[in-house]
Amino acid sequence: MDNLRENFKHWLVRQGISNKLINGKSSTVYEYARQLDVLSKKLYNSNDWDSLVNNATVLAFFYLLCGKEKYRNNNYPFDELQKYVKQNNKDILSLPIWSEFAKYKLQEKSLLQILNNKNFNEKARVSFIKFYQFISEEKKLLNISLQDIKYATTQILKILTNIKLNPISASFPANIDTSLKNISQTVTIEELTNFLECSRSTIERLLKKGLFELTTDSVNAYLKEHYHPSVLVALYKPNFLHEKWYTIAEAAEFLDCSQTTVKRLIKKNLVSYTNYSSRKIKILGHDLLFFKKKQLGKTTTYKTHHKKCSL
């Protein structure tokens, strides 16, 4: 295993990471290796890296899902995590990688303990992800690529974001459900950018204006204030969990009309829309589908009538 340690250091140097510092302080390469030594000792009470290699996929999954500070509230017990995945995206369960992720359940207690030290956690995360890349790509010791793990964890993070920020009713489509177990009473900027599909600067601008705070109650109040339901929504009460929202440009393309026409529908309150930002208006697909069907109906009627006349 000493050879693996030295080979890892050489690989880091080839990646352009500093090996020697003029001021005599510890280099980045040395720090990466030291973090792995500490991690192996802390998790497996071992002075070598054998257990790190044997549990590499589980550790990479853990660090990508929970390790970053902004995702730290996502450290759900594995059984609960599996339940959410099953309810929202069963395709993830069919991925071959899921059986590897399931090993997380056996180690989750010891893994979650390392989140208590934020500095160690962040440094160890960066070091281990580099190590995983090394043993996967350079040493060919693993069958699952880092990219596959990143894809799966990204899909899971989307599910966890939607648990906090889910459209749940016709009268209140953008609500943060805090009744679920272990859900934080705070919302991160990253969660809002994902849910509202806007830039981080937009959220920061709204926060700077004091329009809401990063708490569930405050964000809920703001979202509700900037949601404008149409009469159609009140009548038919669509299931918002399965509805798509469109920008003005996307709505115009969907209806095959001009953006001015879409804006006219908004002005007349004929479609449900959100305007949480002047730069970002989203229109409910349920209402657009209704208008699309009306358009198709008119076209069919016209073609039928035209056919009769031509006879």
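**Entry 1: I281**

I began with I281 and listed its contacts (heavy atoms within 4.5 Å), leaving aside neighbours within four places in sequence: Y246, T247, I248, I266, Y273, T274 and N275. The model is predicted, so I used local features only at pLDDT of at least 70 and side-chain atom pairs only at pLDDT 80 or more, while totals for chains, interfaces and linings use all residues. Residues are numbered from 1 along each chain as its sequence is written, and side-chain values use heavy atoms, with hydrogens and water left out.

I found I281 in strand β4, residues 280–284. Helices (H or I, at least four residues) and strands (E, at least two) are DSSP runs, numbered from the N terminus. I looked up the accessibility of I281: at 24% relative accessibility, I281 counts as partly exposed. On this scale buried means under 20% relative accessible area, exposed over 50%, and partly exposed in between (1.4 Å probe, protein chains only). I also took the C-alpha separation of I281 and I266, which is 9.8 Å for residues 15 apart along the chain.

**Entry 2: T247**

Next I took T247, one of the contacts of I281. I placed T247 in the loop between β2 (245–246) and α15 (248–255). With neighbours within four places in sequence left aside, I have T247 in contact with K280, I281, K282 and I283. I noted 9.1 Å between the C-alpha atoms of T247 and L284, which lie 37 residues apart along the chain.

**Entry 3: F254 and the packing of α15**

I stayed with α15, since F254 is found in that helix. F254 touches Y246, L288, L289 and K292, not counting residues up to four places away in sequence. The C-alpha atoms of F254 and L289 are 8.7 Å apart, with their positions 35 residues apart along the chain. F254 has 23% relative accessibility and therefore counts as partly exposed.

What does α15 pack against, and at what angle? I found α16 (residues 259–267), at an angle of about 105 degrees and with the axes 8 Å apart. Axes are lines fitted to C-alpha atoms, for helices over the stretch in contact, and angles run from 0 to 180 degrees between N-to-C directions. α15 and α16 are therefore roughly perpendicular to each other. The classes are: under 35 degrees roughly parallel, over 145 roughly antiparallel, 65 to 115 roughly perpendicular, and the rest oblique. I listed I248, A249, A251, A252 and L255 on the α15 side, and Q259, V262, K263, L265 and I266 on the α16 side. This contact divides into eight nonpolar residues, one polar and one charged. Ala, Val, Leu, Ile, Met, Phe, Trp, Tyr, Cys and Pro count as nonpolar, Asp, Glu, Lys and Arg as charged, and the others, Gly among them, as polar.

**Entry 4: two more helix pairs**

I looked up α11 (residues 189–196) with α12 (residues 200–208): the axes come within 9 Å and cross at roughly 115 degrees. That makes α11 roughly perpendicular to α12. The crossing is right-handed, meaning that the near helix is turned clockwise from the far one by less than a right angle; anticlockwise would be left-handed. From α11, I189, E190, L192, T193 and L196 meet R200, I203, E204 and L207 of α12. I have five nonpolar, one polar and three charged residues in this contact.

For α4 (residues 56–67) and α8 (residues 104–113) I have an angle of about 55 degrees and axes 11 Å apart. That makes α4 oblique to α8. The crossing of α4 and α8 is right-handed. V58, L59, F61, F62 and C66 of α4 make the contact with Y104, Q107, L111 and L112 of α8. By class I have eight nonpolar, one polar and no charged residues here.

**Entry 5: positive phi**

I noted K140, with phi near 55 degrees, a positive value in a residue other than glycine. K140 sits in the loop between α9 (118–138) and α10 (146–164). Its relative accessibility is 63%, so K140 counts as exposed.

N269 is not a glycine but has a positive phi of about 60 degrees. I placed N269 in the loop between α16 and β3 (273–277). At a relative accessible area of 34%, N269 is partly exposed.

**Entry 6: the chain**

I closed with totals. The protein chain has 17 helices and four strands. Of its 311 residues, 45% are buried. Among contacts between residues at least 6 apart in sequence, 66% join residues at least 24 apart.
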